[in-house]
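Reader: Before I look at the model, could you show me how to read the interior of a fold, its salt bridges and its pockets?
Author: Gladly; let us take these topics in turn, with the structure in view.

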Amino acid sequence: MANYKPDLSCQNKFIPINFSEQILPGTFEYALCYIVENKLDLTGFDAWYNNDKTGAAAYPPSVMLKIILLGYAHGLISSRRIAKACENNILFMSVSGDIQPHYTSIASFVAKMHEQIEPLFTQVLMICDEEGLIGRNMFAIDGCKLKSNASKEWSGTFDELGRKKAKLERASKRIIERHQAQDGLSEELVTQDLNQKEKLDKSAEKITDFLATHEEKIGSKGKPVKSNITDPDSAKMTTSKGTIQGYNGIAINDDKHQIRSLGKEGKHKRVAQWESNKPYSQPLSN
């Protein structure tokens, strides 16, 4: 009868750990740590921190980036699950240097630092190019439509937005005319009307500011196309579930080492491709 050693995988064991020895050369974790610590320019994060004299010490952006990207690579997209992994997973503990940020800190970092994080995707692709990992030939391309954090009701050509602004201003004016014609309105109704007027005025002012600070988009046929006030880079798109305000999410694989470039494109922007000596690097956000 066979005699095997027992499986102790479900047992607890106290052992001394050298975190640096857990990150093995040739692994994704090793490459991640090396690139973040030695190659990326993280000075863009410094402006967010002004706590050298007051306040508690902040979690280093390099550590936050490493644990978030490591989590994404392992299918952990929840801030709670990433925070939990930093507490009980030896790989996450090693990558973070045993720093255990609260899940709210991780969620806040992703939400507030997206403008600082996006350029890092460009830097990573340029590093891959320097290392000869990109053959500059497209291997495969695929995409999907992603909903943006913007309302499609705020979309239109400049002419359409101008007409919408005029309509809002007329509605605001009618409220004042109503009050002038009917002095006997109840206080409750007056308050409701004034609140409505304030909303109309703010919406009209929002359109005015947008038209004054942005240039109209011109489509491939030379005609004006719709812009979105909340997210000017997004566009209206038809999907199987209806029309959304969003992006074309694009993934491009290079044929040499299958380096992948992720990007987002509005409906009226050109599909990205590898050009000259610079790989496409428009980052995918949120």
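**Reading the core, the salt bridges and a pocket**

Author: In this predicted model, the largest nonpolar core has 25 residues, and those with the most contacts inside it are Leu 42, Phe 45, Leu 65, Ile 67, Ile 106 and Phe 109. Helix H2 (61–73) is among the elements that give two or more residues to this core, and H2 supplies its largest share, 5 residues.

Reader: Leaving aside neighbours within four places in sequence, which residues is Leu 65 in contact with?

Author: With that restriction, Leu 65 touches Leu 42, Phe 45, Phe 109, Ile 117 and Leu 120. A second, separate core has 11 residues, including Leu 168, Ile 175, Leu 200 and Ile 207.

Reader: How many salt bridges are there?

Author: The count comes to 5. In one of them, Glu 37 pairs with Lys 66, and the closest N and O atoms are 2.6 Å apart. Because Glu 37 lies in helix H1 and Lys 66 in helix H2, this pair ties together parts that are 29 residues apart in sequence. Lys 66 is buried, with a relative accessible area of 4%.

Reader: And how should I read a pocket?

Author: Rolling a probe the size of a water molecule over the atoms shows where empty space is left. Here the second largest pocket has a volume of about 190 Å³, and its lining comprises 7 nonpolar, 2 polar and 1 charged residues. Helix H5 (residues 103–112) gives the most to that lining, with 4 residues. Phe 109 is one of the lining residues, and Phe 109 also appears among those with the most contacts inside the largest nonpolar core.

Key:
Residues numbered from 1 in each chain as written. Predicted model: local features only at pLDDT ≥ 70, side-chain atom pairs only at ≥ 80, totals over all residues. Heavy atoms only, no water. 1 Å grid on protein atoms, 1.4 Å probe; cavity = no way out; pocket = protein on both sides within 12 Å on 5 of 7 lines; lining within 4 Å. Points joined across faces, edges and corners; volume = space filled by probe spheres on them. Nonpolar A, V, L, I, M, F, W, Y, C, P; charged D, E, K, R; others polar. Core = buried A, V, L, I, M, F, W, Y, C linked by side-chain atoms within 4.5 Å. Buried < 20%, exposed > 50% of the residue type's maximum accessible area, 1.4 Å probe, protein only. Contact = heavy atoms within 4.5 Å. Salt bridge = Lys/Arg side-chain N within 4 Å of Asp/Glu carboxyl O.
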